[in-house]
Amino acid sequence: MHKPQNKFGKDFIFEKTLFLEIAKSIKKIQLKSGAIPSNKDNSHDPWDHIESIMGLNFLQDKESADLAFDWLKNNQNADGSWYSKYLDEKPIELNKPTHYSPYISVAALHHYKIFSDKKKLSELWKTISLALDFSINLQNPNGTIPWSVDKNNKIEEDFLITGSSSILKSIECAIKISRILEEGDNNSWIRAYKSLAMAIKNPKGLFDVTIDRSRFSMDWYYPIISGALSSEEKDFYIKKILKDFYVDGLGIKCVTEEPWVTVAETSEFIITLVISNRLEEARKIFSEAMNITDENDVPYMGWQYEQNIFWPEEKPSWTSAALILAADSIYNFSSGSDILTVNHL
């Protein structure tokens, strides 16, 4: 096994300025429309776009963050959804994943925590409400939500534990926003939250109906981020990840069978360690992830440890944002540092 250059030892003291510079790499690629590309061909998906908004929030670049939110407002479908992929403002993949749309509430609450701009939050309220309702209106009696609606508006009958966990966190943040704004009756959202949380806590037979995705590390740490699990349940999932996906000195593998550690997965797992009050482990693995970066400390997607290469050599905007969120969760650099680590209800 090979490791990248050890730029950051476990005792390295990370400062906010380093992550502000990483956040500037997100701002640098933003298009005039507000879109934040995440792929080499300048395309992006809305979930990655929203993740990247939180990098701009962290940068305290309100103009760029607001422009990115405006892209979401301007490109939202009438049913509250967004398509799965865009080239600037042109849809190029026409299915509508259910975890994409509600995620706007997480970035909007993060924006509010950093900028205290209630006016912007109010301006986004209709967009947030439509986005939440798109997904919640598809919820089944057992709490599950189908992962997508296809290009012909047919519901795709499979259920993802990762997407569902993201939706649960998004509903939580949306309910919090509704209370900040003193907006309307959110009882339907509360019922949807409780039902989905119960499904995530008791997932057997409910998820991965057509494909077993348990080989993916995110299936094991996203339920922790969802906020649905008890301390004992969190410990169970963390032990599973450390056993099957953690490569000491590198980070978290994307899938069990590939010799490939990815920065985004590692960053998200670090957040689960913070949630579980395992700060020493979080700091150790964070310093390892920081070695999978370029000369300006911008993260590559990952490291292939048999070929001894950064792979692929892409440096996606959402990977930078995930790394920033992980850093902030550990070191509390911003007033939005707890966006993913506490329950806001």
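This briefing walks through the pockets, one helix and a few unusual backbone spots of the structure above. The model is a predicted one, so please read every value here as computed from it. Its largest pocket holds about 840 Å³ of space, and the second largest has a volume of about 280 Å³. Helix H7 keeps its buried residues on the same side, within an arc of only 155°.

**The largest pocket**

- Rolling a probe the size of a water molecule over the atoms shows where empty space is left.
- The largest pocket offers about 840 Å³ of space, and 34 residues line it.
- Closest to the centre of this pocket are Asp45, Asp48, His99, Tyr100 and Met218.
- Several elements give two or more residues to the lining: helices H2 (46-59), H6 (161-181), H8 (218-226), H10 (263-275) and H12 (317-331), together with strand E9 (260-262).
- Sorted by class, the lining of the largest pocket has 15 nonpolar, eleven polar and eight charged residues.

**The second largest pocket**

- For the second largest pocket, the volume comes to about 280 Å³.
- Its lining is made of 18 residues, and those nearest the centre are Ser25, Ile29, Lys315, Pro316 and Ser317.
- Helix H1 (16-29) and helix H12 each supply at least two residues of this lining, with H1 giving the largest share, four residues.
- The class make-up of the second largest pocket is five nonpolar, seven polar and six charged residues.

**Helix H7**

- Helix H7 runs over residues 187-201, and at 1.5 Å a residue its 15 residues should span 21 Å; the end C-alpha atoms are 21 Å apart, so the model agrees with that expectation.
- Buried in H7 are Trp189, Ala192, Tyr193, Leu196, Ala197, Ala199 and Ile200.
- These buried residues cover an arc of only 155° around the axis, which means they sit on the same side of H7.
- An α-helix has 3.6 residues a turn, so residues three or four places apart point the same way.
- On the face of H7 turned away from the buried side you will find the exposed residues Arg191 and Lys194.
- The cover over the buried residues of H7 includes helix H5 (118-136), H6 and H8.

**Backbone points to check**

- Most residues other than glycine have a negative phi, and most peptide bonds are trans.
- Trp311 and Pro312 are joined by a cis peptide bond, with omega at about -20°.
- Pro312 belongs to the loop between strand E11 (309-310) and H12.
- Glu182 is not a glycine, yet it has a positive phi of about 55°; this residue is in the loop between H6 and H7.
- With a relative accessible area of 73%, Glu182 counts as exposed.
- Asp297, also a residue other than glycine, has a positive phi near 70°, and its place is in the loop between helix H11 (279-289) and strand E10 (302-304).
- Asp297 is buried, because its relative accessible area is 19% and the cut-off for buried is under 20%.

**A buried threonine after H12**

- Thr341 lies in the segment after H12.
- The relative accessible area of Thr341 is 18%, so this residue is buried.
- Leaving aside residues up to four places away in sequence, Thr341 touches Ile271, Val274, Ile275 and Ser329.

Definitions and conventions:
Residues numbered from 1 in each chain as written. Predicted model: local features only at pLDDT ≥ 70, side-chain atom pairs only at ≥ 80, totals over all residues. Heavy atoms only, no water. 1 Å grid on protein atoms, 1.4 Å probe; cavity = no way out; pocket = protein on both sides within 12 Å on 5 of 7 lines; lining within 4 Å. Points joined across faces, edges and corners; volume = space filled by probe spheres on them. Nonpolar A, V, L, I, M, F, W, Y, C, P; charged D, E, K, R; others polar. Expected span 1.5 Å × (residues − 1). Buried < 20%, exposed > 50% of the residue type's maximum accessible area, 1.4 Å probe, protein only. Arc of directions from axis to C-beta. Contact = heavy atoms within 4.5 Å.
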